[in-house]
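User: I would like to go through this model term by term. For each label, give me the value, the criterion and the conclusion.

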Amino acid sequence: MDFDFSVIADHWRFLGSGVLVTLALAGLSGIASLAAGFVAALVRLYGPRWARPAIVLYIDSMRAVPVLVVLVWTFFALPIVAGITLPPFWAALLGLTVHLAAYAAEIVRAGVESVRPGQTRAALALGMSRAQVVRRIVLPQAIVRMLPAFGSLLSVTIKDTAIASVIAVPELMRQSETVAGQSFQPIEVYTFAMLVYFVLLFPVTRGVDLAYRRVAHLGRS
Amino acid sequence: MTFDWSVVWQHRGILAAATGTTFLLTIATMAIAVPCAVVVAALRLYAAAPVRAAATGYVELFRNLPLILVVYWAFYVVPILTGVGLPPLATGLAALALNVTAYNAETFRAGINSIRRGQSEAALALGMSRVQVLRRIVLPQALRRILPVLASTWVSLFKDTSLVSVIAVGELAYASMQIRAQTFRVLEMLTAMAVIYWLLGYPQAKLVDWIQRRYAVTE
């Protein structure tokens, strides 16, 4: 068996553009799902009563359906229903955000609920409004406690962007498939892709752990 | 726009068989991954330094790779390295098992490490052997914490089996997309696929919530 890794050097520009798309997709869907998750969780916890069952249904549905199904549906079926065709990148961004926001919402809820109710009651008794209690007392502690979970969600996000290859988003997985198919050297190309993903993902999990250790005391109460 | 939902009913046989394959993959992967993960976790905790490093390397590697890439890798590399061409189902199973074993090994290790050292030390001081300490003191408590995590891994795995569709394993996602390609009923088949996954996955997700409440540990 001979391995010839020059295929990577020959296509580095093509593969490099895939890495950039992976990072862009992960970054954007990470931010968007974080924002949407916060909104969903806060509405579930503090919003009108009628909105709660809808949000619970949404979260549990996303936990029940594979990302692949969400992505494929967003790209192929949504245009038929809604009449608008999204380019692959934006369909992937929408699909990943809809899926991951449910997980982000669960993290936010768990973080908020971990702050003991006695603190909320005390703050209300001191005359704070509900909004003030949430903003000044609950969230500052809860956000610190959410950090490790958000770190693993970020690494899940990067891993899930690889699934966007099935709807032809030109990210690293897709570009690797193309190069592997053209060069007939799948082992070299996919092994290289493994290396790149590992190099991208390993520091994320480690970095978040390290960062959390430095701020963990802020979340204690 | 006209929709023809009868296409779903016409292909009920294929869809039912494919759903069976999805469950078969989930069950078989777990059946392989749990015992393998026990071994890997034990190596990480109790083996000599080089073996421990290798086990840690394996766990960290597969926890930091997208599963879809592992599936492709297994599909192209396993036949070349071993010289044996496996059917796609076996290749998909191997990729899923490699991935889930790494996650389960981490679950077992974290569960065992979550039992405070003082308890093992106290048991050793009382004259128990290391094996007794593990069997009587550590494992009974650790298992309680491991079970809920295994349950949520089960649900993730159930969903992740859809990824082996990229190497043409005839499970639910692959079968639905094949029917879509043959009949051109895109919306109907993709929606049917989502609904079937939802119907099967939703009760499992709820069951996991129940297990997590039931086995919640408060310290």
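User: What makes the residue just after α4(B) stand out in its phi?

Analyst: The model is predicted. In it, B:G83 follows directly after α4(B) and has a positive phi of about 75 degrees.

User: How do you know how far α4(B) reaches against what is expected of it?

Analyst: Helix α4 of chain B covers residues 67–82, which is 16 residues. The expected span takes 1.5 Å times one less than the number of residues. That gives 22 Å, and the helix reaches 21 Å from its first C-alpha to its last. The span is therefore close to the expected one.

User: Where is the kink in α4(B) centred, and what is its angle?

Analyst: The kink is centred on B:A74 and comes to about 30 degrees. The angle is taken between axes fitted to the seven residues ending there and the seven starting there.

User: Why are residues of α4(B) called buried, and which are they?

Analyst: The label needs 20 or more other C-beta atoms within 10 Å of a residue's own. B:L67, B:I68, B:L69, B:V70, B:V71, B:Y72, B:W73, B:A74 and B:F75 are buried, so they meet that count.

User: What covers them?

Analyst: Both chains take part. The cover includes α8 (172–183) and α9 of chain A. From chain B, it includes α3 (49–63), α5 (88–113) and α7 (130–160).

User: Which residues does B:V71 touch, beyond those up to four places away in sequence?

Analyst: B:V71 touches B:G92, B:A95, B:L163, B:V164, B:V166 and B:I167. Contact requires C-beta atoms within 7 Å, so each of these pairs meets that cut-off.

User: What makes the largest nonpolar core a core, and how many residues has it?

Analyst: It has 117 residues. Members must be buried, of the listed nonpolar types, and joined through C-beta atoms within 7 Å. Those with the most contacts inside it are A:V69, A:L71, B:I68, B:L69, B:V70, B:V71 and B:M193. Helix α5 (residues 88–114) of chain A gives the most to this core, with 14 residues. In soluble globular proteins, nonpolar side chains tend to be buried together.

User: How many residues does each chain bring to the contact between chains?

Analyst: Chain A brings 31 residues and chain B brings 32 residues. On the side of chain A, α3 (51–64), α4 (67–82) and α9 (186–215) each supply at least two residues. α9(A) gives the most, with ten residues. By class, that side has 25 nonpolar, three polar and three charged residues.

User: How do you know what α9(A) spans, and what do its buried residues pack against?

Analyst: α9(A) has 30 residues and reaches 44 Å between its first and last C-alpha, close to the expected 44 Å. Among its buried residues are A:P186, A:Y190, A:M194 and A:L201. The buried residues of α9(A) pack against α1 (6–10), α7 (130–161) and α8 of chain A, together with α4 of chain B.

User: What secondary structure does each chain have, and what share of its residues is buried?

Analyst: Chain A has nine helices and zero strands. Chain B also has nine helices and zero strands. Buried residues make up 41% of the 221 residues in chain A. In chain B, 40% of the 219 residues count as buried.

User: How many of the contacts between residues at least 6 apart join residues at least 24 apart?

Analyst: In chain A, 80% of those contacts do. In chain B, 74% do.

How values were computed
Residues are numbered from 1 along each chain as its sequence is written. Chains are lettered from A and ligands numbered from 1 in the order in which they are written. This is a predicted model: local features need pLDDT of at least 70, side-chain atom pairs count only at pLDDT 80 or more; totals for chains, interfaces and linings use all residues. Two residues are in contact if their C-beta atoms, placed from the backbone, lie within 7 Å. Helices (H or I, at least four residues) and strands (E, at least two) are DSSP runs, numbered from the N terminus. Ala, Val, Leu, Ile, Met, Phe, Trp, Tyr, Cys and Pro count as nonpolar, Asp, Glu, Lys and Arg as charged, and the others, Gly among them, as polar. A residue is buried if 20 or more other C-beta atoms lie within 10 Å of its own, exposed if 12 or fewer, and partly exposed in between; C-beta atoms are placed from the backbone.
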